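Please guide me through the structure shown below, beginning with its overall make-up and then turning to its helices, its loops and one strand pair. The account should explain how each local feature is classified.

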Amino acid sequence: MSSTFNLSTTQKQGLQLSLRLWLPLLQAPLQDLETIFKEHSFDNPFLEYKSSFESNYSSGEFIEDINISKESLYDVVSNQIEAPIFPTPISQKVANEILSNINSEGYFDGDIDSIAESCNTTKEFVESIRKRFAYLDPAGVGALDLTESFLFQLSQIPVDEELNLFTQKLISNLKSIDKFHKHHRFEEATDLIHRFKSPPAVDYQEENAYIIPDFFVDVSNDITVTMNSSYYPDITIKDPFKSKNDELKDKLKEARDLVNLLELRKSTLYKLVLLIVEKQMGFFIGSELKPMTMAQVADDIGFEESTISRAVSNKYIKCDRGIFSLKSFFTNAVSKNLSSSEIKNYIQNLIENENHEEPLTDQDLVDNVMKRYNMKMVRRTITKYRKLLDIPSSKERKKIYKVRD
């Protein structure tokens, strides 16, 4: 595997990491580095900053659609995984695993048993941690479905017990809500429900957002991983002061740390991407993703799992197959070498090629999956995967086909 970036480990050795500087810098999207170092240069007389875009503009190249985005759903939730809601290391570890299995709509689509196994705990404990997400923002995040999401959101609204219980009843009977219209608090309860977000992460979903890839992966001849250095600011240290003032010494140290930490960000992310490409090599040449957890990668790289979780946040790879978030390369194992992502893709392919006169039922899908992968699987798991893929039931698809065909 060749590369265009030489990894420097000497800078990491002996570096006293400041969490105040390091973690936000590691977690920041590529397009936010410009703003971060610009703000630091205003506050620090020793830090000289040059925009990463100046050379692009001076050469006549126009950069389109630069998107300085707000915090992502992943970032917002990650910052809340701390005491008192998650007071212990194991509760935080499980919460981070749950977070890594929350989809773009804000729903949990992971497997409780798999998380319990990877965290060496019980599925009851994992489920109890998941339900603590009811106390997080955005309200409703981490729920299994619309009903539970509404219950999570209701729990964050201070209402009297009677209204709370009645609203819970309406939420549990959303399809037949009108039958409760004679209740004296019906209007209040429905007003509450109309205020809920559906899906819970709707405020974090951006249409046609422009994505700047952090790395480019080319598989034409050899596998080549290239860092997108165009968006890294050019920062240097200047030392015009001869004063021994302690405050100035602290500022000089902070400036030096920032320069070193920017390089450490590069080397950390590069090492992480190399490992992802190595472990998911098949994906880049057209195959499916293999099971891979953040805990496994953390062990290989030598960082805490929480650091890996921050590192993959808002980071992207561009390859021949498209642009993919680093987070998407982490997928639960259904069996030793089989990921849930591969099964979902197989289900999608079956349905895309099914007989429109007799669409495949969920039991048909189960039978196909078990035959294809020589494994046992229950129908409710396949039903869950189908719903996550936003695919209607066989009866609904048959109606759609009749109208469309």
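**Helix packing, loops and a hairpin**

Asn101 is found in the loop between α5 and α6. The model that contains this residue is predicted. Asn101 counts as buried because its relative accessibility is 10%, and buried means under 20% relative accessible area. The side chain of Asn101 also makes a polar contact with the side chain of Ser100, at 3.4 Å.

The wider setting is as follows. The protein has 18 helices and nine strands. Of its 405 residues, 46% are buried. Among contacts with a separation of 6 or more, 66% are between residues 24 or more positions apart.

Helix α5, which spans residues 89–99, is a useful place to begin with the helices. Its buried residues are Ser91, Val94, Ala95, Asn96, Glu97, Ile98 and Leu99. These buried residues pack against five helices: α4 (73–78), α6 (112–118), α7 (123–131), α13 (294–301) and α14 (305–312). On the α4 side, Ser78 offers a specific example, as this residue is found in helix α4. Ser78 is buried, with a relative accessible area of 8%. Leaving aside residues up to four places away in sequence, Ser78 touches Asn96 and Leu99; both Asn96 and Leu99 are among the buried residues of α5.

Two of the partners of α5, namely α13 and α14, also pack against each other. The axes of α13 and α14 come within 8 Å and cross at roughly 105°. That angle makes α13 roughly perpendicular to α14. On the α13 side the residues in contact are Met294, Ala295, Val297, Ala298 and Ile301, and on the α14 side they are Glu305, Ile308, Ser309 and Val312.

Helix α13 has a further partner in α11, which covers residues 246–279. Here the axes are 11 Å apart and the packing angle is about 120°. The two helices, α11 and α13, are therefore oblique to each other, since 65 to 115 degrees is the range that counts as roughly perpendicular. The crossing of α11 and α13 is right-handed. Lys271, Leu272, Leu275 and Lys279 of α11 meet Val297, Asp300 and Ile301 of α13. Val297 and Ile301 also appear among the α13 residues that meet α14.

Another helix pair is formed by α16 (residues 362–373) and α17 (residues 379–388), whose axes come within 9 Å and cross at roughly 105°. With this angle, α16 and α17 are therefore roughly perpendicular to each other. The contact involves Asp362, Gln363, Leu365, Val366 and Val369 from α16, together with Arg379, Ile382, Thr383 and Arg386 from α17.

The loops hold several backbone features that call for attention. Most residues other than glycine have a negative phi, and most peptide bonds are trans. Against that background, the peptide bond from Ala83 to Pro84 is cis, with omega near 5°. Pro84 is found in the loop between α4 and α5. A cis peptide bond also joins Ser198 and Pro199, where omega is about -5°. Pro199 lies in the loop between α10 (186–194) and β3 (215–218).

Two asparagines have a positive phi. Asn120, although not a glycine, has a phi of about 55°, and this residue lies in the loop between α6 and α7. Asn120 counts as exposed because its relative accessibility is 74%, and exposed means over 50%. Asn314 is likewise not a glycine and has a positive phi of about 60°. The place of Asn314 is in the loop between α14 and β6. At 18% relative accessibility, Asn314 counts as buried, because the limit for that class is under 20%.

The loop that holds Asn314 leads to β6, and the strand pair begins there. Strand β6 (residues 316–319) and strand β7 (residues 322–325) run antiparallel and are joined by four bridges. Within this pair, Lys318 has Ile323 of β7 as its bridge partner. A hairpin of two residues connects β6 to β7.

How values were computed. Residues are numbered from 1 along each chain as its sequence is written. This is a predicted model: local features need pLDDT of at least 70, side-chain atom pairs count only at pLDDT 80 or more; totals for chains, interfaces and linings use all residues. Side-chain values use heavy atoms; hydrogens and water are left out. Buried means under 20% relative accessible area, exposed over 50%, partly exposed in between (1.4 Å probe, protein chains only). Contact means heavy atoms within 4.5 Å. A polar contact is a pair of N or O atoms within 3.5 Å; within protein, one must be able to donate a hydrogen and the other to accept it, and residues adjacent in sequence count only if both atoms are side-chain atoms. Two strands pair if DSSP finds at least two bridges between them. Axes are lines fitted to C-alpha atoms, for helices over the stretch in contact, and angles run from 0 to 180 degrees between N-to-C directions. Angles under 35 degrees count as roughly parallel, over 145 as roughly antiparallel, 65 to 115 as roughly perpendicular and the rest as oblique. A crossing is left-handed if the near helix is turned anticlockwise from the far one by less than a right angle, and right-handed if clockwise.
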